[in-house]
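Open the model in your viewer and keep the selection box handy. We will go from the whole chain to a few chosen spots.

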Amino acid sequence: FMILIFVCENNQYALTTSYRDTTAVKQVAKRACSYDIPGITIDGNDAIEVYVSVTEAVERARAGEGPTLIEVMTYRWGQHSLRANLSDPRPQEEIDHWLERDPLTKIAKYLRDSEILTKTAFDEIASATTAEIDNAVTFGSASEQPDISLVLESVYAPHQEHKDPDIIGERILSYSEALNEALDQEMTSDNDVFLMGEDVGETGGIFQVSKGLLDKFGKERVKDTPISEATFVGCGIGAAIAGMRPVVEIQIFDFVALTMDMIVNQAAKFRFMLGGKPCVPLVIRGPQGGGVRLAAQHSQSLEAWFIHVPGLVVVAPSTAYDAKGLLIAAIRDNNPVIFLEHKLLYLNDSGVVPEEPYAISLGKADIKRLGADVTVVATLAMVARALGAAKVLEREGISVEVIDPRTLQPLDEETILSSVKKTNRLLIVHEACVKGGFGAEVSALVVDKAFDYLDAPIERLGAPHTPMPYNDRLELEIIPSQERIEKTIRKLVSSN
């Protein structure tokens with residue numbers, strides 16, 4: 001069930017009713033009729049009225065009669081901004097009116113007038129409450145200042161360690177099929193796992209990642225949502241905090257921009273703000289990247305946004321095998337995970353995928369190809385292009401080691417550094433814009449921890465600082481090609 005509560009500052013309970021031109025209706029509760037649900041406006045400073053109204057709404061919801069929109073009218077004593085030098089735009093008469101209607105004063109008067117509590121009982125409650133507050137203040141003041149380690153330990157829940165599958169086999173699945181099987185198996189094994197997003201039900205997702213799941217698990221666990229990313233991502237975060245394991249699909253990942261407050265300020269920080277105690281086991285997944293002519297607003301690579309945010313895990317599988325294992329690990333993880341899939345991989349990638357459920361440990365890179373002359377760190381669709389370049393260059397006597405980080409946060413620094421110390425050269429390839437991108441972080445890591453091993457400047461390949469064009473030839477120019485990777489590697493190897 002759901003109860004919607006809207007808190008406002010001014011209405012018929014106040015002396016003025018202007019709303020200061022902030023709403024189109026005098027009472028937000030009137031909007032409830034548009035959704036065919038009851039809407040009521042109540043005095044938020046009257047504890048009895050709030051209790052009775054919310055109790056009735058809860059009983060109605062539990063009886064299966066649906067939600068209620070409750071508009072709770074109250075007042076903020078202080079201004080929106082705490083800057084002392086700003087004048088309060090509200091009339092003093094209005095402020096005085098609301099101060100006289102303080103909810104604690106009102107309930108105290110009601111209890112005394114009704115003879116529910118005597119003055120002696122009130123005094124005892126006030127004394128006990130004051131003592132409890134004073135004791136808390138004394139304890140806090142006397143406590144030692146926290147160590148920085150406490151802060152760092154409160155950001156992430158511990159990641160699980162996973163072992164490789166016992167049987168690999170020879171079964172071939174596409175990238176989409178591998179993701180679908182991961183969802184299917186985790187939803188089968190854990191009833192707390194559910195999927196939500198635009199067109200994930202009947203349609204099966206526009207790239208068919210959720211195909212067939214609605215028929216198997218029903219509408220309670222495969223939920224089609226309105227086209228309102230901020231709303232359904234917020235619902236997913238709430239469900240995760242409540243103990244479920246939602247998988248939220250952003251149909252095209254560019255529109256994650258509409259959800260940034262929910263992800264960055266709520267999901268990522270919730271554990272930290274509560275002292276490292278709660279978990280937010282949430283996966284937000286969807287397709288990013290270009291190559292299929294969806295232009296500037298549907299082709300971005302946005303991983304750098306999320307790597308920058310403490311509290312988020314960022315995963316980017318480049319193969320069908322990795323896609324299944326990493327999605328299972330992400331669903332089982334107790335942190336909010338940004339799970340990036342690439343449109344071209346939906347269309348072009350397939351590989352051997354074990355039938356049994358398996359998870360790949362987060363923060364563990366994969367060496368896709370061993371080499372001795374140069375290290376290439378590549379992500380998502382660029383991994384296949386780096387491997388193609390390595391195969392061509394092998395015929396020229398150039399040995400290329402290709403590393404796929406798979407998890408961008410946490411990053412497997414050890415694997416990257418060990419490779420650079422062996423090959424003494426590094427190229428980083430990703431589809432996102434070079435400026436401020438993931439490659440800059442890897443470059444800084446190597447300069448900081450393996451600079452003396454470098455025999456040539458680090459090279460980065462990515463998009464120029466421009467949105468993705470619609471024209472197909474221009475799109476191909478923007479995205480790093482295999483030929484550009486080959487050319488850059490030749491340059492690196494020829495450097496002294």
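How many helices and strands does the secondary structure of the chain come to? The count is 18 helices and 17 strands; helices (H or I, at least four residues) and strands (E, at least two) are DSSP runs, numbered from the N terminus.

Before you click further: this is a predicted model, in which local features need pLDDT of at least 70, side-chain atom pairs count only at pLDDT 80 or more, and totals for chains, interfaces and linings use all residues. Residues are numbered from 1 along each chain as its sequence is written, and side-chain values use heavy atoms, with hydrogens and water left out.

**The whole chain.** Show the C-alpha trace, which spans about 95 × 55 × 45 Å along its principal axes. Of the chain's 496 residues, 47% count as buried. Buried means under 20% relative accessible area, exposed over 50%, and partly exposed in between (1.4 Å probe, protein chains only).

**Strand β3.** Select residues 68–73: six of the six residues in this strand are buried. Turn on the side chains, and you will find Thr-68, Ile-70 and Val-72 pointing one way, with Leu-69, Glu-71 and Met-73 pointing the other. In a regular strand the side chains alternate between the two faces of the sheet. Now add strand β2 (residues 39–43), which pairs with β3 in the parallel sense over five bridges; two strands pair if DSSP finds at least two bridges between them. Look for Ile-42 opposite Val-72 in β3.

**A loop stop.** Next, pick Arg-101, in the loop between α2 (92–99) and α3 (103–113). Is Arg-101 buried or exposed? Its relative accessible area is 14%, so Arg-101 counts as buried. Draw a distance to Ile-133, 32 residues apart along the chain: the C-alpha atoms are separated by 24 Å.

**Strand β16 and its partners.** Select residues 426–433. Seven of the eight residues in β16 are buried, so this strand is largely enclosed by the rest of the structure. Add strand β13 (residues 374–378), joined to β16 by four bridges and running parallel; Thr-375 stands opposite Leu-426. Then add strand β17 (residues 459–463), also parallel to β16 and joined by four bridges. Here Ile-428 faces Arg-460 as its opposite residue.

**One more selection.** Finish with Asp-224, in strand β6 (residues 222–224). With a relative accessible area of 42%, Asp-224 is partly exposed.
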